[in-house]
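Let's take a walk through this structure together, one piece at a time. Keep the model open beside you as you read.

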Amino acid sequence: MTTNNRIALSSDHAAIELRQAVAAHVASLGWEVVDIGPTSLESTHYPKHGAAAAQLVASGDCRLGIVLCGTGQGIMMAANKIKGIRCGVCSETFSAKMIRQHNNANMLSIGARVVGEGLALEIAEAFVSTEFEGGRHATRVDMIDALEN
């Protein structure tokens, strides 16, 4: 487990503006943002962006990651294909806290066409400011990790 304060951010073309707003907000909370997402509105493929951010987290280069696409679903699925990643889509703050607190999620996915900017910033803040509880939840996270081949 890495303890650095670096966070990877990426998105596809549908979420560039929201990703940049989230990056600025997370940076204001003291995180070093590693923004690897595209800057052009030209259509791009979310799987490569989700995987690239997930690889930074899985390698330990970044402690957490946030990825965005239109719904948050596709980029989350791509991120979760990288060994060691536990990424969840959230459209409200309660789930963002719970995936950290109970599931030790190391990545968050947000749908830019699902939530507005204000809510997205609250979701990201809830995610990065919540710690894993451990205890009985650690056993369950270990069980999830054991499902990876």
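**A walk from a loop to the strands**

Let's start at Asn104, which sits in the loop that links α4 and β5. Keep in mind that this is a predicted model. Is Asn104 buried or not? Its relative accessibility is 17%, and since buried means under 20%, Asn104 counts as buried. Leaving aside residues up to four places away in sequence, Asn104 touches Arg86, Ile99, Phe132 and Val141.

From that loop, step into strand β5, residues 107-111. Five of the five residues in β5 are buried, which leaves the strand mostly covered. In a regular strand, side chains alternate between the two faces of the sheet. So what do the two faces look like here? Met107, Ser109 and Gly111 lie on one side of β5, Leu108 and Ile110 lie on the other, and all of them are buried.

Now look at what flanks β5. Strand β4, residues 87-89, runs parallel to β5 and is joined to it by three bridges. If you want a spot to find that pairing, look for Val89, which stands opposite Ser109 in β5. Helix α4, residues 93-101, comes in here too: β4, α4 and β5 together make a right-handed β-α-β unit.

Strand β3, residues 64-69, is another parallel partner of β5, this time over five bridges. Here you can pick out Leu68 opposite Ile110, and Val67 with Ser109 as its bridge partner in β5. How many residues of β3 are buried? Six of its six are, so β3 is largely enclosed by the rest of the structure. Its two faces are both covered as well: Leu64, Ile66 and Leu68 are buried on one side, and Gly65, Val67 and Cys69 are buried on the other.

Keep going and you reach β1, which runs parallel to β3 and is joined to it by five bridges. Leu68 turns up again, as the bridge partner of Ser11 in β3.

With the strands in view, turn to the helices that pack on them. Helix α2 covers residues 46-58; its 13 residues reach 18 Å from first C-alpha to last, close to the 18 Å expected at 1.5 Å a residue. Which of its residues are buried? They are His49, Gly50, Ala51, Ala53, Ala54, Leu56 and Val57. The elements covering them include β1, β2 (32-35), β3, α3 (73-79) and β5. Just after α2, you'll meet Gly60, which takes a positive phi of about 90 degrees.

Helix α5, residues 117-128, has twelve residues and reaches 17 Å from its first C-alpha to its last, close to the expected 16 Å. An α-helix has 3.6 residues a turn, so residues three or four places apart point the same way. With that in mind, find the buried residues of α5: Ala120, Leu121, Ile123, Ala124, Ala126, Phe127 and Val128. These pack against β1 (6-11), α1 (16-28), β3, α4 and β5.

Phe127 is worth a pause, as Arg100 lies over the face of its ring, at 5.7 Å from the ring centre. And how many aromatic pairs does a search of the whole structure find? The count is zero.

Past α5, the chain enters the loop between α5 and α6 (136-146), where you'll find Gly134. Gly134 has a relative accessibility of 14%, so it counts as buried. Now try a jump across the model: Gly134 and Ala58 are 76 residues apart along the chain, and their C-alpha atoms are separated by 19 Å.

The last stop is His137, in helix α6. Is His137 buried or exposed? At 3% relative accessibility, His137 counts as buried. Not counting residues up to four places away in sequence, His137 touches Gln101, His102 and Phe132. Phe132 is a name you've already met, since Asn104 touches it too. One final distance to look for runs from His137 to Met98: the two are 39 residues apart along the chain, with their C-alpha atoms separated by 11 Å.

Notes:
Residues are numbered from 1 along each chain as its sequence is written. This is a predicted model: local features need pLDDT of at least 70, side-chain atom pairs count only at pLDDT 80 or more; totals for chains, interfaces and linings use all residues. Side-chain values use heavy atoms; hydrogens and water are left out. Buried means under 20% relative accessible area, exposed over 50%, partly exposed in between (1.4 Å probe, protein chains only). Helices (H or I, at least four residues) and strands (E, at least two) are DSSP runs, numbered from the N terminus. Two strands pair if DSSP finds at least two bridges between them. A crossover is right-handed if, with the strands pointing away from the viewer, the path from the first strand over the helix to the second runs clockwise. The expected span of a helix is 1.5 Å times one less than its number of residues. Contact means heavy atoms within 4.5 Å. Rings of Phe, Tyr and Trp (its six-membered ring) pair if their centres lie within 6.5 Å; planes under 30 degrees apart count as stacked, over 60 as edge-to-face and the rest as tilted. A charge sits over a ring if NZ of Lys or CZ of Arg is within 6 Å of the ring centre and within 35 degrees of the ring normal.
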